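Biologist: Could you take me through one part of this model up close? I'd like to hear about the charged patch on the surface, and what surrounds that story.

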Amino acid sequence: MEDQILDLETKYWHGMANHDYETVKNLTYFPCTTVSKQGVKSIDEPTFKQMFEQGEGMKMSIKGITEAVIEMFSKSFATIGYIVEIETDNNGEKTSSKCACSSAWIQENGVWKCQLHSESDLK
């Protein structure tokens with residue numbers, strides 16, 4: 001099951017990188033909670049879609065997910081923490097970054113969805 005959680009997290013990132021809203025939406029439990037340098041937010045689906053669409057012009061490439069620590073608390077609840085390396089191109093402005101991330105996954109009716117995600121930029 002731990003491999004499945006890592007695969008889901010990877011699929012989520014690739015959905016973001018490919019600007020594939022359907023994939024990301026189907027992997028998200030609404031309302032979802034995000035924790036980042038912008039603060040803590042509870043986000044409903046319409047707001048999530050609006051935020052997702054704001055990144056339409058940005059290109060993102062996931063270079064790797066490493067140091068994954070996965071905990072299975074039950075057959076329907078898991079957490080994952082890891083480091084992700086990202087390259088972005090926002091209208092010709094290219095940047096590379098590393099983030100320490102964590103997510104909480106809930107399985108409901110046989111489907112895993114992410115309810116909580118946090119990101120912290122690494123130097």
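Modeller: Here is the negative patch, followed by some context on the chain.

This is a predicted model, where local features need pLDDT of at least 70, side-chain atom pairs count only at pLDDT 80 or more, and totals for chains, interfaces and linings use all residues. Residues are numbered from 1 along each chain as its sequence is written, and side-chain values use heavy atoms, with hydrogens and water left out.

On the surface, Glu2, Asp3, Asp7 and Glu71 gather in a patch of negative charge. Patch members have over 30% relative accessible area and no salt bridge; like charges are joined within 9 Å, nonpolar side chains (Val, Leu, Ile, Met, Phe, Trp, Tyr) within 5 Å. A salt bridge is a side-chain nitrogen of Lys or Arg within 4 Å of a carboxyl oxygen of Asp or Glu. Accessible areas come from the Shrake-Rupley method with a 1.4 Å probe.

Helix α1 (residues 2–17) supplies the largest share of the patch, 3 residues; helices are DSSP runs of H or I, at least four residues, and strands are E runs of at least two. Asp3 sits in helix α1 and is exposed, at 61% relative accessible area. Exposed means over 50%, buried under 20%, partly exposed in between.

There's a nonpolar surface patch too: Val35, Val40 and Leu116, with about 230 Å² of accessible area together. Leu116 belongs to strand β6 (residues 111–122) and is partly exposed, at 31%.

As for the whole chain, it has 3 helices and 6 strands, and buried residues make up 28% of its 123 residues.

Terms used: Lys, Arg positive; Asp, Glu negative; His and termini not counted. Charge placed at Lys NZ, Arg CZ, Asp CG, Glu CD. Buried < 20%, exposed > 50% of the residue type's maximum accessible area, 1.4 Å probe, protein only.
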